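Q: Could you take me through one part of this structure up close? I'd like to see how the strands in the sheet line up with one another.

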Amino acid sequence: MKTTKIEGNICPYCGLRNDGASSYKREDEEYTPSENDFSICFYCCEVSVFNKNLKLEKVDNFVVPNEVLEQQKEFKRFKSMYNRKK
Ligand SMILES: [Zn+2]
């Protein structure tokens, strides 16, 4: 999975820095997020959304699509496996 550096983003939920983005849809391509793309925090697994300045915001005013929620579930599962190995 390729990761694109996006400087200066902070997760609106946990406050940790999220400065890399990769797409689960196009794993082999460079990915640059655009407005209204959803993001899953690497640290707390919460879903946020890119605004027009490509800053992450809470999704309070959005309906998060099921496929994003599915990815969030996968992510949480992956994280719990990762945490157990440490
Ligand atoms: Zn977070």
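A: Let's start right in the middle of things, with Val 49, which stands opposite Glu 57 in E5. Keep in mind as you look that this is a predicted model.

That pair belongs to a stretch where E4 and E5 run antiparallel, joined by three bridges. To get from E4 to E5, the chain makes a hairpin with five residues between the two strands. Have a look at Leu 54 in that turn: Leu 54 has a positive phi of about 60°.

Now go back to Val 49 and look the other way. Phe 38 stands opposite Val 49, so to speak on the E3 side of things, and E3 pairs with E4, residues 47–50, in the antiparallel sense over three bridges. A second pair to find here is Ile 40, which stands opposite Val 47 in E4.

E3 and E4 also form a hairpin, this time with six residues between them. The residue to spot in this turn is Cys 45, with a positive phi of about 65°.

Put those pieces together and you get an open sheet of three strands, in the order E3-E4-E5, with antiparallel pairing. The edge strands are E3, at 38–40, and E5, at 56–58, and each of them pairs on one side only. From one strand to the next, the twist averages 45°.

So much for the sheet; where does it sit in the chain? There are five strands and one helix in all, and reading along the sequence gives the pattern β-β-β-β-β-α. Of the 86 residues, 12% are buried. If you take the contacts with a separation of 6 or more, 44% of them are between residues 24 or more positions apart.

The loop between E1 and E2 is worth a stop too. Gly 15 lies in that loop, and Gly 15 counts as exposed because it has 10 C-beta neighbours inside 10 Å. Along the chain, Gly 15 and Cys 44 are 29 residues apart, and their C-alpha atoms are separated by 9.5 Å. You've met the neighbourhood of Cys 44 already: Cys 45 is in the turn of the hairpin made by E3 and E4.

In the loop between E1 (4–5) and E2 (20–21) you'll also find Asp 19. Asp 19 is partly exposed because 13 other C-beta atoms lie within 10 Å. Asp 19 and Lys 5 are 14 residues apart in sequence, yet C-alpha to C-alpha they are 5.6 Å apart in space. Leaving aside neighbours within four places in sequence, Asp 19 is in contact with Lys 5, Ile 6, Glu 7, Gly 8 and Asn 9.

Last, a word on confidence. The average pLDDT for the chain is 85, and 85% of the residues score at least 70. Confidence is highest in E5, at a mean of 95, and lowest in E2, at 70. That brings us back to where we began, as E5 is the strand that holds Glu 57, the residue opposite Val 49.

How values were computed: Residues numbered from 1 in each chain as written. Predicted model: local features only at pLDDT ≥ 70, side-chain atom pairs only at ≥ 80, totals over all residues. Pairing = 2+ DSSP bridges. Helix = DSSP H or I, 4+ residues; strand = E, 2+ residues; numbered from the N terminus. Axes fitted to C-alpha atoms, helices over the stretch in contact; angles between N-to-C directions. Buried ≥ 20, exposed ≤ 12 C-beta atoms within 10 Å, placed from the backbone. Contact = placed C-beta atoms within 7 Å. pLDDT = per-residue confidence, 0-100.
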